[in-house]
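Please look over the sequence and the model shown here before reading on.

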Amino acid sequence: MKEDLRVTKTKKLLYETLISLMEEKSFEEIKVSDICKKALINRSTFYSHYSDKYELFMELINTLKLSLFNSLNTNINNVNTREYFIELISILLNHIDDKKNIYYSILINNRNSIITDIILDVVKDINSRITNDKISTNNIPTEIVSKFYLGAVISIGIEYLESKNKYSKEDMIKYIDKLIPSNINL
């Protein structure tokens, strides 16, 4: 069933408001009343859509995650691990660039246990996606290989955000291309 346009607009407004507030202060400091005040909506409107700010945040993260997964689904033509992860980093950096304000608010301004737990949940989903892909790992458990590279992918993504245009996407990919050995045969 298609969602009512008013509901879609309200949810989009709440996402944008939460992201904007997270640029100013940590997620823990934000109250539902802050979200409502900035979005110019009544608390009853907020509570007709979400039980609390955590549910709003989880829906925002799930929307972001779905968008990232859709982008990652384009990474299916690579035949070896090296190409796969270089392309994965390229896709991630493009996704970060397209949604820079969201990622910046979540990863840079709100490094705390709640955010970390949610991001780890996202990583688990990506890890299971990689584990299910047919990548040769030469007797190394796939989950070890994927977690090793996911750690690098996440660190590169954070560095790209923190560096604020110090490195271009192309530079980051070029550096990764040099860092991953060309003779890798996992």
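The report below takes up the basis of the model, one helix, a nonpolar core and one loop residue.

## Basis of the model

This is a predicted model, in which local features need pLDDT of at least 70 and side-chain atom pairs count only at pLDDT 80 or more, while totals for chains, interfaces and linings use all residues. Residues are numbered from 1 along each chain as its sequence is written, and side-chain values use heavy atoms, with hydrogens and water left out.

## Helix α1

Helix α1 (a DSSP run of H or I, at least four residues, numbered from the N terminus) covers residues 5–24, and its 20 residues reach 29 Å from first C-alpha to last, close to the 28 Å expected at 1.5 Å a residue; that expected span is 1.5 Å times one less than the number of residues. At its N-terminal end, Asp4 acts as a cap, with a side-chain oxygen 2.7 Å from the backbone nitrogen of Arg6.

Among the buried residues of α1 are Thr10, Leu14, Tyr15 and Leu18, where buried means under 20% relative accessible area (1.4 Å probe, protein chains only).

## The nonpolar core

The largest nonpolar core (buried Ala, Val, Leu, Ile, Met, Phe, Trp, Tyr and Cys residues joined through side-chain atoms within 4.5 Å) has 47 residues, and Leu14, Leu18, Ile35, Phe46, Leu56 and Phe57 touch the most other members. The largest share of this core, nine residues, comes from α5.

Leaving aside neighbours within four places in sequence, Leu56 is in contact (heavy atoms within 4.5 Å) with residues including Leu14, Ile35 and Tyr50.

## Ser163

Ser163 lies in the loop between α8 and α9, and it counts as buried because its relative accessibility is 13%.

Conventions. Helices (H or I, at least four residues) and strands (E, at least two) are DSSP runs, numbered from the N terminus. Buried means under 20% relative accessible area, exposed over 50%, partly exposed in between (1.4 Å probe, protein chains only). A polar contact is a pair of N or O atoms within 3.5 Å; within protein, one must be able to donate a hydrogen and the other to accept it, and residues adjacent in sequence count only if both atoms are side-chain atoms.
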